[in-house]
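Subject: Handing over a structure

Dear colleague,

I am passing on to you the structure we spoke of, and below it you will find an account of what was found in it. Please look through the sequence and the model before you read on.

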Amino acid sequence: MQAIKEKFESLFEDAADRKQLDDLRVKFLGKKGTVTTLMQHMKDIPNEEKKEFGQSVNALRQSIQQKLEQGIEEVEARLLKKKLENETIDVTLPGRQRPIGGKHPLQHIIDGIEDIFVGLGYEVYEGYEVESDYYNFEALNLPKSHPARDMQDSFYISNETLLRTHTSPVQARVLNAAKGKGPIKIICPGKVYRRDSDDATHSHQFTQIEGLVVDKNISLADLKGTLELFLKEIFGQDREIRLRPSYFPFTEPSVEVDVSCFKCGGKGCNVCKQSGWIEILGAGMVHPNVLEMAGFDSSEYSGFAFGMGPDRMAMLYYGVEDIRHLYTNDLRFLEQFKYIEERGVKHESI
Ligand code: 2U9
């Protein structure tokens with residue numbers, strides 16, 4: 001028995017985990033365990049010694065049982081201690097810096113522009129980027145043979161379907177859906193596509209925001225007043241605007257609109273190429289053909305429309321040299337805009 005006891009204790013010393021202790025229990029106390037098999041010798045023990053033999057076997061069994069339970073407690077305690085050590089959180093440690101994103105500079109400009117027009121009672125419409133030839137061109141007074149079509153090199157998907165080259169088809173759809181009844185006061189922001197080779201100022205995908213107002217007795221003065229208010233709101237109350245004659249198939253008359261340079265105040269600098277003026281958008285009175293094709297009586301209804309490129313405005317505003325930075329999502333570029341303040345463009349900072 002002593003030998004068994006010593007054997008057990010030496011093995012017990014080396015038992016490092018719960019499993020090894022269980023193996024020991026089976027080895028000594030199991031059905032075929034050393035101690036258990038001891039009882040099988042009872043038949044060989046003289047009767048007067050059976051009782052004592054039985055007691056000493058049970059005593060050995062209990063001492064081994066106790067040792068094992070104690071061993072299990074120690075193992076559990078050690079495991080818990082290690083677990084707690086691993087899990088203790090040093091609350092004094094600085095938190096893990098989760099890289100926070102920010103609004104894309106382009107989205108900043110677009111939100112700023114949308115805010116102003118929504119404030120003026122305009123509704124925002126976004127339409128299909130895959131458009132029909134009819135709404136992208138025909139409905140905008142650009143019949144199949146019209147040379148201006150080549151100005152807008154297009155990604156055709158089929159003879160009648162293409163990636164829209166401007167957001168004007170959205171306005172044309174809204175106009176058409178209005179069944180000849182005004183008023184209409186909308187702005188349409190969105191991505192547009194032109195089969196152009198990318199360089200610092202051209203991208204095959206870029207953004208436009210166009211606007212349209214159609215009602216009775218809408219005049220060029222309404223257009224000028226609206227654009228003046230908008231551009232002063234965006235670029236600062238002390239800006240001036242200038243309208244120059246231009247041409248668009250879907251407006252007549254058409255104008256290019258310049259704003260006095262917000263970098264040099266008009267004195268001339270590299271931003272305005274020494275001209276003091278920055279060309280910011282195109283506009284005009286909606287062409288009667290466009291009104292008629294959409295079901296509006298152009299003798300009763302008139303309207304104005306305008307279009308601008310937020311990419312170009314973002315480049316001017318944030319001093320971005322290459323338009324591709326706005327589309328290549330290089331974090332080193334985008335990180336710079338992480339902290340510009342929420343909603344809209346801050347004016348006095350220009
Ligand atoms: C309808 C009627 C008229 C939309 C207009 C412009 C002038 C314009 C340019 C801005 C930047 C194109 O990307 S750009 O170079 N667009 O200057 N867009 S008037 O006129 C419309 C649109 C829809 C039904």
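A convenient place to begin is Ser-254, which lies in strand 8; please bear in mind throughout that the model is a predicted one. Ser-254 has a relative accessibility of 4%, and because buried means under 20%, this residue counts as buried. Its side chain reaches the backbone nitrogen of Phe-248 at 3.1 Å, and Ser-254 is also the bridge partner, in strand 8, of Ser-246.

That pairing belongs to a longer ladder, since strand 7 (residues 241-248) and strand 8 (residues 251-260) run antiparallel and are joined by seven bridges. Between the two strands there are two residues, and together strand 7 and strand 8 form a hairpin. As a general background, strands of a sheet pair through backbone hydrogen bonds, either parallel or antiparallel.

Phe-248 leads on to the ligand, for it is listed among the closest of the 19 residues that surround the ligand, together with Gln-208, Glu-210, Gly-282 and Gly-307. Two of these residues can be described in more detail: an N or O atom in the side chain of Gln-208 is 2.6 Å from an oxygen atom of the ligand, whereas Gly-282 places a backbone N or O atom 3.3 Å from an oxygen atom of the ligand. On its own the ligand has 570 Å² of accessible area, and the protein covers 87% of this. The elements that contribute two or more residues to the shell are helix 8 (168-177), strand 6 (205-216), strand 9 (277-286) and strand 10 (301-308). Sorted by class, the shell around the ligand holds 11 nonpolar residues, seven polar residues and one charged residue.

Elsewhere in the model you will find an open sheet of three strands, arranged in the order 2-4-3 with antiparallel pairing. Strand 2 (130-132) and strand 3 (156-158) are the edge strands of this sheet, each of them pairing on one side only, and neighbouring strands are turned against each other by 35 degrees on average when direction is ignored. Strand 2 is joined to strand 4 (residues 161-163) by three bridges, the two strands running antiparallel, and within this pairing Val-130 stands opposite Leu-163 of strand 4.

When you open the model, you might start from Ser-254 and its contact with the backbone nitrogen of Phe-248, and then go on to the residues around the ligand.

With kind regards

Terms used:
Residues numbered from 1 in each chain as written. Predicted model: local features only at pLDDT ≥ 70, side-chain atom pairs only at ≥ 80, totals over all residues. Heavy atoms only, no water. Near = heavy atom within 4 Å. Polar contact = N/O pair within 3.5 Å; in protein donor to acceptor, adjacent residues only side chain to side chain. Areas by Shrake-Rupley, 256 points an atom, 1.4 Å probe, with all protein chains shown as cover. Helix = DSSP H or I, 4+ residues; strand = E, 2+ residues; numbered from the N terminus. Nonpolar A, V, L, I, M, F, W, Y, C, P; charged D, E, K, R; others polar. Pairing = 2+ DSSP bridges. Axes fitted to C-alpha atoms, helices over the stretch in contact; angles between N-to-C directions. Buried < 20%, exposed > 50% of the residue type's maximum accessible area, 1.4 Å probe, protein only.
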